[in-house]
Protein chains: 2
Amino acid sequence: MSIRHTYLINGDFNQTLSPLDRGFAYGDGVFRTMPMHHGQPAEWPLHYQKLVADCASIGLVCPSAELLISDMVHLFSAADNQPLVAKIVITRGEGERGYALPAVTHPTRVVMRLPMPHYASEHFLSGVKLHLCKTQLLEQPQLAGVKHLNRLENVLARMEWHDDCFDGLMRDKQGNAVECTMSNLFARFDDVLVTPDLSQYGVDGVTRQRIIWLANTLNLQVRIDVLPYAKLLLADEVIICNSLYGAMQVSHVDGLKLPQHDLAHRVRNALHQ
Amino acid sequence: MSIRHTYLINGDFNQTLSPLDRGFAYGDGVFRTMPMHHGQPAEWPLHYQKLVADCASIGLVCPSAELLISDMVHLFSAADNQPLVAKIVITRGEGERGYALPAVTHPTRVVMRLPMPHYASEHFLSGVKLHLCKTQLLEQPQLAGVKHLNRLENVLARMEWHDDCFDGLMRDKQGNAVECTMSNLFARFDDVLVTPDLSQYGVDGVTRQRIIWLANTLNLQVRIDVLPYAKLLLADEVIICNSLYGAMQVSHVDGLKLPQHDLAHRVRNALHQ
């Protein structure tokens, strides 16, 4: 399958990435992925705020929202008639070889126009299966929650399954459920929605945050807590979320059938409002 | 300071890196750095063997030695009259957005011609100071020892000091000394050379391996073991090593003066033979 894409590097269609870009050399950068609606990034204020915070967590100053919006205006149009995704990458820019920071940092900003993945309608209707990953999430408080470019753990976890699982559940060393390779996680117990604490690891996604905020409107309380895998299996229902597909009901984890109600449906409706 | 460099991507001076290259997107790749002597890579069989092993550890097939040597022949010459470094990066190549592997993988190979860093002669004569890093090395057995492109921990650790420290000592969560941001570590206790066990984390460098092999010729036994930081401070002497500078005596860690003898000098001589 050929890869069709267009991108701007520092606002320039002709600029190329150097192998001395620290994003390539060391994964020294952060990124965001968001759906585009009629040429506009969905939930832009939240995504931009998170991008600024993630940049700051590795000592980078994020390019201005005006620059990023200007790039998107060049890449997307209100007339786009297919579902599209914008991916933004900010790196520490080019440097000499070696870990020491450049004397002056000129961050590299990349904005990409990409196709929206196709999500089967049965996933929205009947829920999705999760693989149970053996690859563990490590505790690194300095990088916890940050969507940085060091994603080999996710890659290794994603290499574990070749069946029809939609995503893979990742746990920490103690066996607590943390997140999926590309999704955050919520488990409902009566009227309490538990989502794993991401202060030690994981990616604290924008859609997770939105669900935490809107839980009230669904008459649910949110608890951010440790979530042992054994406890997850006892939940009344489990959903996963990310910025592209919104929310999906989990039908199975590791082949075990989970109870299913309508939480993902209710969350999707609330997200769309 | 301007960056002077030349590189080949997949053997081509005109090829560029895509932001969809998984090396850039996820740090999904591995690398090596080695000195060039009269156009030839030093210790090439070891470096190539390690590159093959590191590729395999993330499920990649390394390009042939012939291709890599051919790239180096295009970039370096026996007539080069300045000290140079070759850096080789192998990534999983371009993919669609998302962690799932491409249906067919076409690895990207990058070979770079770079200047050798300048090492002050006083570092070889009087030893080097180490900063004691707060950034911890995490246990990730699947990636332990591998020189992969997920190097944010090293970057964060290197951001910790701005004084004349040559490198920074990194420890694990338990406080064991493991390695430095760009170097491996040996501590001598009488006639035993202890180097930290890298089965859970760290980068198992080629020069570390060479020192393990040549210890015999220095009448030293090698023990690969856990090395608590408190124990390191009681060593008869401590050295650090990498493929570019060889070995250096450590004069101070965290401002504490360490005993110094002639181990780094003896190791350098042995490495040069």
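Start by selecting helix α8 of chain A, residues 263-272, in this predicted model. The buried residues of α8(A) pack against a ring of neighbours to bring up next: α4 (121-126), β9 (184-189), β10 (192-196), α6 (206-214), β12 (237-242) and β13 (246-253), each in chain A. To see who makes these contacts, show the side chains of L263(A), A264(A), V267(A), R268(A), A270(A) and L271(A), which are buried. Now turn the view to look down the axis of α8(A): the buried residues fall within an arc of 165 degrees, so they line one face of the helix.

Next, stay in chain A for some aromatic rings. The whole structure holds 14 aromatic pairs over all chains. For one of them, select Y119(A) and F124(A), an edge-to-face pair at 6.5 Å centre to centre with 90 degrees between the planes. Are these two residues buried or exposed? Y119(A) is buried, with a relative accessible area of 15%, whereas F124(A) is partly exposed at 27%.

Keep Y119(A) on screen and add Y245(A). These two rings also meet edge-to-face, 5.6 Å centre to centre and with 75 degrees between the planes. The pair links distant parts of the chain, 126 residues apart: Y119(A) lies in the loop between β5 (108-115) and α4 of chain A, and Y245(A) in the loop between β12 and β13 of chain A. Y245(A) counts as buried, at 4% relative accessibility. Add F166(A) to complete the picture, as ring pairs link Y119(A), F124(A), F166(A) and Y245(A) into a cluster.

Two stops show a charge over a ring. In chain A, select R171(A) and Y229(A): the charged end of R171(A) sits over the ring of Y229(A), 5.3 Å from its centre. Then move to chain B, where K231(B) lies over the face of F189(B), 5.0 Å from the ring centre.

While in chain B, select strand β12, residues 237-242. Six of its six residues are buried, so the strand is largely enclosed by the rest of the structure. Look at both faces: E237(B), I239(B) and C241(B) are buried on one side, and V238(B), I240(B) and N242(B) on the other.

Finally, bring in the strands that pair with β12(B). Strand β9 of chain B, residues 184-189, runs antiparallel to β12(B) and is joined to it by five bridges; here N184(B) has C241(B) as its bridge partner. Strand β13 of chain B, residues 246-253, is also antiparallel to β12(B), with four bridges between them. Find I239(B) and you will see Q249(B) of β13(B) standing opposite. To end the tour, follow the chain from β12(B) through the three residues of the hairpin that joins it to β13(B).

Notes: Residues are numbered from 1 along each chain as its sequence is written. Chains are lettered from A and ligands numbered from 1 in the order in which they are written. This is a predicted model: local features need pLDDT of at least 70, side-chain atom pairs count only at pLDDT 80 or more; totals for chains, interfaces and linings use all residues. Side-chain values use heavy atoms; hydrogens and water are left out. Buried means under 20% relative accessible area, exposed over 50%, partly exposed in between (1.4 Å probe, protein chains only). Helices (H or I, at least four residues) and strands (E, at least two) are DSSP runs, numbered from the N terminus. Two strands pair if DSSP finds at least two bridges between them. The arc is that of the directions from the helix axis to the C-beta atoms. Contact means heavy atoms within 4.5 Å. Rings of Phe, Tyr and Trp (its six-membered ring) pair if their centres lie within 6.5 Å; planes under 30 degrees apart count as stacked, over 60 as edge-to-face and the rest as tilted. A charge sits over a ring if NZ of Lys or CZ of Arg is within 6 Å of the ring centre and within 35 degrees of the ring normal.
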